[in-house]
Each structure stands twice: as structure tokens, then as C-alpha cells.
Amino acid sequence: MRIILCGFGVVGQSLVKLFVSRSEDLYAKYGLKPRVVGVFDSKGSAVDQSGLDLEKLILVKKEFGTVKNYAKTKNNYSGLDMIKNIDADVLIETTASNYKDAEPGMTHITNAMKSGMHVISVNKGPLALAFPSLMELATYNQVMFKFSGTVGGGTPILDYAKNSLKGERITSFAGILNGTTNYILTNMANGLSFDAALNDAKSKGYVEADESLDLDGLDAAAKLVILANWVMDMKVTMPDIKCTGIRKVTTENIKNAAKKKCAVKLIASCNKELEVSPKEISVDDPLCVNGTLNAIAFTSEHSGTQTIIGKGAGGMETASSILRDLLDIRQEIART
Ligand SMILES: NC(=O)c1ccc[n+]([C@@H]2O[C@H](COP(=O)([O-])OP(=O)(O)OC[C@H]3O[C@@H](n4cnc5c(N)ncnc54)[C@H](OP(=O)(O)O)[C@@H]3O)[C@@H](O)[C@H]2O)c1
């Protein structure tokens, strides 16, 4: 299966390492032979229509900080050039999420679909701003569009709601979908001030380069948009979310909650309305997880409420969700 990989950061490199370490059993068990024919980062690209040497690619990125030094004769492909000129079956989009115009991911995804490529995205930006129209574009171009890693990292939240609860009517859900804010709130409950908890999270590399994505609830809101569209068949985008982050949560709020055996958590919920905001929840609620963990509780008409808990991020975890999507695409192609 020929692949174009957009972005070669934490997730992109983890995926390539996964391909290297699993190459034999992926072929033996699933008949999957991933052939990465093109990859690009913000500084340049590497192309080989017969398949790039993945171990070399990692070494080159490590040594030069970009994949463009992969070959002696460098090519000047931009992402868009590559998508328009290189033959591939699947485009995997792993560039940075942005919620202003969703670029460069939006251009990559829409052009790949128009060129007849299936698309896997872990980049939430395009889905948060244009989920309904991207689904329409995929259908129009008869390509598959997968995005398991956008919510919950490696924890299969979307798949659980869509497939394990097949036939059920999910009436509402609520979850902790951002590990960074959960880590900060957990540390505040353990006595740190907001600033000290934020600095600690930064020192561990948990906070996005643009801290507003975490602190103002944008990352959680983007995931809520994806869940609402995918699980509840709503046609919504970011402006439909009522969003409040955690900047105004004080140690006083947290102490008051603790007196009632509650904790303050940033909750993304879909009930009568779509909302992200700090809420008090009982410490005995299964949703009340600590540290960087994510959790989500789905309530459905006949099956009651189930809570899924797992790590919401991590390079390898997210790469494993891309692999799941790739296997789905492989199986679907083999079936038709
Ligand atoms: N990390 C996680 O645990 C996780 C979990 C779920 C979803 N995600 C999502 O997955 C995506 C990737 O995350 P990450 O942690 O791998 O981020 P990252 O380490 O910052 O990597 C982003 C990659 O995109 C490249 N890039 C940025 N702007 C570009 C442009 N204009 N043209 C071409 N390439 C560009 C960067 O190039 P350079 O290498 O040259 O800087 C880098 O290779 C993000 O959208 C993130 O929200 C991440």
C-alpha cells in the first residue's frame, strides 16, 4: 500500500518506527505491506516511488532536522506538489492542528481526496472546522476517511461508540478529553497553584506550543466536534461549542469541591447542548480519572452508561491508531 506521510514529528516518526518493527507480522497476519513513497516536514521532502528506506529516513531526520537531506539530489516538492504528482493509495496527515484556518492539513486532505486517495488524519484542525463538508467530499470522491487518533490517541473511543454500540441509540456523553488540563487540575488538587501546575506540565512536555489550545479548551472542543458528528450524526463545527477553559479555576474552587467529595475536571459534554467547561464531579464517578488520563462515559437508551479510560495521547499510541485505520482501509479494499 503506497503512502504519502504529511508531517514527520512525534507521531509521523512513531508510525514509521512501528512499520519497521512490525513489518513481518503486518504482512504475515494482515497482508499489509506499507510502502511510504513520499514524506514531508516543514523544511522539505523525500520521495521514492519504489518506497523510502524507513530506517534511513529516521536517521536523516535526527541528524539534519528535516527529511529533505534523504537523497543527494534534493527535490523541491511542497506538500501539495507531492499530493498532485506522486501516485499513492493513502495520505496520512500528521501536521500540527490549528483551529484558525486548519492549514496546512486542510489543503493536504482535500487535494488528496480529489486525487482519489484514501485519507487518515490525526490532525484535528480540518475536522473541527469542516467535518460535515470533509465527509461529503470523501463520499463524492469515493474514498475512505479515517481519524481514529483524533480522539483519545490510542484509546479506541470513536470505534467503541460507533461499532461496539452498534444498533444502540447513544443519548448523551461526557468526558475528560484533554490530558494536559487534567494533569494541571490533578496537581492543583494536590496543592499546587495554577501557575506552578502549568509550569510543571510544561517541563514534562505536556503543553502544546500554543498553550491556549489546552488551557482555553480548544483541543477538547475539537474532539467534542468530532464525537458529535461521528457518534451523534450532528452537523456541527467549532463555533457550535460553548467553550470555557481552566484559566479561571482557582485553588479555592478545588478545595470547595473536595469538601463535597468532588473534583474539578474539564468536561466536554453532549447532552442538550455541546459544551466544554470546568465542572465538579464526584470522586467516586468512574469518569473522575487523574493525571494525563482521558475518560469518556457514553449513555445509551438500552445499555446504560459505560466509561472508557485510557491514555489520550503519546506518539506510539497515536501511531497505533493510524495502523488500525490503515488495516481497516486494507480490509475494505480487499473486500470490494
Ligand atoms: N502527539 C500526540 O500524542 C498526538 C495525539 C493525537 C493527535 N495528535 C495530532 O497529530 C498531529 C501531529 O502531532 P505531533 O505530536 O507529531 O506534532 P509535531 O511533533 O509538532 O509534528 C508536526 C509535524 O508537522 C510538520 N509541519 C508543521 N507545519 C508544516 C507545514 N506547513 N508543512 C509541512 N509540514 C509541516 C512539522 O515539521 P518539522 O518537523 O519540520 O517541524 C512536523 O514534522 C497534530 O495535529 C496533533 O494535534 C498528536
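Which residue in β10 is the bridge partner of Lys-242? Point 4 gives the reply.

1. **The model.** This structure is a predicted model. Keep that in mind as you read the points below.

2. **Two domains.** The domain assignment splits the chain into domain 1 and domain 2. Domain 1 is made of two stretches, 2–154 and 315–335. Domain 2 covers 157–311. Look at the order along the chain: domain 2 sits between the two stretches of domain 1 in the numbering. The centres of the domains, taken over C-alpha atoms, are 28 Å apart.

3. **Where the domains touch.** Domain 1 brings 17 residues to the contact, and domain 2 brings 17 residues. On the domain 1 side, helix α5 gives the most, with six residues. Find helix α5 at residues 125–140. That side of domain 1 has nine nonpolar residues, six polar ones and two charged ones.

4. **The sheet.** Next, a sheet of six strands. It is open, and its order is β8-β10-β9-β7-β11-β12. The pairing is mixed. Strands β8 and β12 stand at the edges. Each has a single partner strand, so one side of each has no neighbour in the sheet. Start at the β8 edge. Strand β8 (residues 242–243) runs parallel to strand β10 (residues 274–282), and two bridges join them. Here is the reply to the opening question: Lys-242 has Glu-275 in β10 as its bridge partner.

5. **β9 and β10.** Strand β9 spans residues 262–270. It runs antiparallel to β10, with nine bridges between them. A hairpin of three residues links β9 to β10. Two pairs help you trace the match. Cys-270 stands opposite Leu-274 in β10. Ala-263 stands opposite Ile-281 in β10. Is β9 mostly covered or mostly open? Mostly covered: seven of its nine residues are buried.

6. **The other neighbour of β9.** Strand β7 (residues 170–176) pairs with β9 in the antiparallel sense, over three bridges. Phe-173 has Cys-270 in β9 as its bridge partner. Note that Cys-270 also stands opposite Leu-274 in β10.

7. **The β12 edge.** Strand β11 (residues 293–300) and β12 are antiparallel, with eight bridges. Strand β12 covers 304–311. Ala-295 is matched with Ile-309 in β12 as its bridge partner.

8. **Helices on the sheet.** Helix α10 (residues 218–232) packs on the sheet. It touches β7, β8, β9 and β10. Its direction makes about 45° with that of β9. Helix α11 (residues 251–259) lies across β9 and β10. It runs at about 100° to β9.

9. **Around the ligand.** The shell around the ligand holds 26 residues. Which of them come nearest? They are Gly-7, Gly-9, Asp-41, Ser-42 and Ala-313. Helices α1 (10–30) and α12 (315–335) each supply at least two residues of the shell. The largest share, three residues, comes from α1. By class, the shell has 15 polar residues, eight nonpolar ones and three charged ones.

10. **What to check on screen.** Begin with the sheet and follow β8-β10-β9-β7-β11-β12 from one edge to the other. Then find α10 packed on the sheet and α11 across β9 and β10. Last, turn to α5 on the side of domain 1 that touches domain 2.

Conventions: Residues numbered from 1 in each chain as written. Predicted model: local features only at pLDDT ≥ 70, side-chain atom pairs only at ≥ 80, totals over all residues. Domains from an automatic or database assignment. Contact = placed C-beta atoms within 7 Å. Helix = DSSP H or I, 4+ residues; strand = E, 2+ residues; numbered from the N terminus. Nonpolar A, V, L, I, M, F, W, Y, C, P; charged D, E, K, R; others polar. Pairing = 2+ DSSP bridges. Buried ≥ 20, exposed ≤ 12 C-beta atoms within 10 Å, placed from the backbone. Near = placed C-beta within 6 Å. Axes fitted to C-alpha atoms, helices over the stretch in contact; angles between N-to-C directions.
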